[in-house]
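Below are my notes on this model, set out point by point. Please read them with the structure open.

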Amino acid sequence: MKNVFIVFLSFIFAFGAVDTSQITAVQNSIDENTNLTTPINTENNTSTSSNGFPIFGAHLFNGNFKDFTQRVYNPDYKIAVGDQISLKMWGAVELSQIVSVDSQGNIFIPKVGAINLLGVKNSALVSVITAAVKKIYKNNVFVYADMNAYQNVSVFVTGSVNAPGLYQGLSSDSIIQYLDKAGGINLEYGSFRNIQILRNNIVIKKIDLYNFLLKGQMELFPFRSGDVILVENVQKYVFVSGDVQKPFRFELGNDIKNLSDLARISGAKPIVTNAVVRSYGEEHTLKVTAYNKSEFNKIILRTADEVKFDPEYASNEISISINGEHNGPKTLVVKKGTTLEDISRLIIPNTQSNMNALQIFRQSVARTQKELINAGLKELETLALTSTSATAQGASIRANQAKTILEFIQRAKQVQPKGQIVIDNVKSYKDIVLEDKDTINIPSKNNLVIVQGEIALPGAFVYTQRGSLKYYINLAGGLSERADTSKILVIRTNGKAEKYRSSIEMKPGDSVLVLPKIESENLQIFSILTQILYQIAIATNVVLKL
């Protein structure tokens with residue numbers, strides 16, 4: 001988010017005057033509350049594709065490989081200039097030392113002379129040295145040699161990576177380590193399946209990282225200085241969503257050709273029975289087709305297909321949760337089309353059950369409330385970061401206000417709406433058709449009125465028939481200095497919200513929410529903040545303070 005912010009402000013500077021003190025203050029505010037590691041190339045290092053799908057393998061290149069090296073015995077490694085060899089001789093001659101391969105490819109052993117090892121394979125190292133020693137010492141001399149330190153090699157990494165360049169490492173380092181040094185594969189258009197290693201402009205190895213990602217298989221390959229790692233662009237791919245363990249963009253290959261392969265690779269759950277495929281054909285045509293699980297192995301995938309795996313089970317029953325004041329079961333399984341009135345007959349009430357104020361909480365309603373709040377917060381954040389001022393003093397004030405608003409936004413994002421459906425009349429019970437996973441709450445017959453928000457002493461107070469709204473606010477110690485007398489809400493037990501008016505009738509179980517004043521010269525910020533505060537208060541029965 002921090003980098004997006006910087007780019008966004010650069011855009012603003014280009015097209016309009018913005019006071020730099022305001023920008024600096026807001027930026028400092030974000031710096032204090034941000035703990036993000038900036039990638040090598042933030043512009044292209046997104047973990048999602050352009051249409052919002054996460055990319056399979058995006059987690060691989062996060063810096064875990066680049067700072068580590070491995071010294072693995074490789075019998076095919078060829079000795080190079082600068083390599084260090086641990087040499088031991090015993091018997092008639094005692095010698096233990098580390099020798100380096102000089103610029104001519106030789107090592108020197110006292111009383112034996114120079115031995116050329118340039119290009120000798122690791123597996124032949126002992127035999128070559130022994131043969132040279134035996135020319136001088138015919139009997140009773142034994143030799144052991146081992147690679148002590150490999151000379152660094154320099155490898156070019158190019159193509160669809162975030163930071164192409166020349167990188168040093170050991171010849172035994174894996175291709176993943178070199179790619180990690182280069183900032184990883186560009187996730188937008190780089191291929192994980194088509195990576196080539198070139199030596200002297202000739203392709204000598206092709207690498208498919210899906211073998212490592214899916215099977216843990218990694219072929220260790222001895223690099224030489226001047227080798228080139230070329231990451232090609234992604235060519236064939238599909239998008240997967242639905243009831244799968246890995247909802248990603250996958251590249252097609254020999255192991256991912258049809259729907260059956262894709263279901264296996266993406267971890268389709270056992271409950272999946274169908275797949276809906278959105279396929280883009282020629283002449284700008286879009287074809288949407290549904291397939292049964294029995295057809296999966298016959299359906300060949302095409303580039304850019306969007307596949308959604310779903311369970312399609314017909315059910316005539318739904319599950320309803322029953323909470324609150326009652327003596328019956330907490331879960332009921334009923335037929336589709338069951339109404340709240342039907343359920344009210346199945347509930348076993350007790351003396352404290354308020355059957356005239358049943359509450360319904362629905363997940364889909366909660367999601368809608370959350371989406372509305374988040375949309376408002378996004379617009380508010382944009383306005384807070386782009387408000388301008390003509391003077392330095394005004395800029396300082398706006399910067400402080402922006403910091404306060406950003407902190408409020410972070411708290412507001414944590415809000416979880418209840419998803420309550422407002423029932424204005426008991427007679428409406430027969431018209432409310434229940435959905436699967438609805439929660440019905442039976443309130444108790446309490447004589448309390450809850451007062452909260454911008455007041456001195458928030459709390460619950462005993463209901464009295466003659467008590468007015470002002471009466472309960474006074475019981476709570478009166479309004480605070482930050483209270484907005486024009487923004488007082490009364491939330492009824494049934495979820496209905498009513499604004500303050502002098503003639504409002506208080507009822508047992510009501511909640512009084514006193515909202516805070518909003519101080520802003522920006523009418524847009526004032527309007528959006530007011531709307532968000534109302535939405536949160538109604539959706540959660542809680543006043544979120546600024």
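1. A point of vocabulary comes first. Strands here are DSSP runs of E, at least two residues in length, numbered from the N terminus. The model is a predicted one.

2. That numbering places A304 in the loop between β14 and β15 (305–310). A304 is not a glycine, yet its phi is positive, at about 75 degrees. Is A304 buried or exposed? Its relative accessible area is 18%. The cut-off for buried is under 20%, so A304 counts as buried.

3. K111 also has a positive phi, near 70 degrees, and is a residue other than glycine. K111 sits in the loop between β3 (106–109) and β4 (113–116). Its relative accessibility is 72%, so K111 counts as exposed.

4. Now the sheet that holds β14. Five strands make up this open sheet, in the order β12-β11-β15-β13-β14, and the pairing is mixed. Which strands stand at the edges? They are β12 (249–251) and β14 (286–292). Each has a single partner strand, so one side of each lacks a neighbour in the sheet. On average, neighbouring strands of this sheet are turned by 25 degrees against each other, direction ignored.

5. At the β12 edge, β11 (residues 237–242) and β12 run antiparallel and are joined by three bridges. F239 has R249 in β12 as its bridge partner.

6. Another open sheet has five strands in the order β17-β16-β20-β18-β19, with mixed pairing. Its edges are β17 (331–335) and β19 (420–421). Both have a single partner strand, so one side of each is left without a neighbour in the sheet.

7. Strand β16 (residues 317–324) pairs with β17 in the antiparallel sense, over five bridges. A hairpin of six residues joins β16 to β17. Across this pair, I320 stands opposite L332 in β17. Towards β20, β16 runs parallel, with four bridges. There, I322 stands opposite I440 in β20.

8. Strand β20 (residues 439–442) also pairs with β18, in the antiparallel sense and over three bridges. The bridge partner of I360 in β20 is I440. I440 is thus worth checking from two sides: it stands opposite I322 and is the bridge partner of I360.

9. How many residues are in the largest nonpolar core? It has 47, and those with the most contacts inside it are I175, L179, L209, L259 and F309. Another core lies apart from it. That one has 28 residues, among them L377, L385, L515 and A537.

10. The largest pocket holds about 720 Å³ of space. It is lined by 33 residues, and the closest to its centre are R492, T493, N494, P508 and G509. The elements giving two or more residues to this lining are β18 (359–361) and β21 (448–453). By class, the lining has 11 nonpolar, 13 polar and nine charged residues.

11. D484 deserves a look too. D484 lies in strand β23 (residues 483–491). At 12% relative accessible area, D484 is buried. How far apart in space are D484 and K517? They are 4.8 Å apart, C-alpha to C-alpha, and 33 residues apart in sequence.

Notes: Residues numbered from 1 in each chain as written. Predicted model: local features only at pLDDT ≥ 70, side-chain atom pairs only at ≥ 80, totals over all residues. Heavy atoms only, no water. Pairing = 2+ DSSP bridges. Axes fitted to C-alpha atoms, helices over the stretch in contact; angles between N-to-C directions. Core = buried A, V, L, I, M, F, W, Y, C linked by side-chain atoms within 4.5 Å. Buried < 20%, exposed > 50% of the residue type's maximum accessible area, 1.4 Å probe, protein only. 1 Å grid on protein atoms, 1.4 Å probe; cavity = no way out; pocket = protein on both sides within 12 Å on 5 of 7 lines; lining within 4 Å. Points joined across faces, edges and corners; volume = space filled by probe spheres on them. Nonpolar A, V, L, I, M, F, W, Y, C, P; charged D, E, K, R; others polar.
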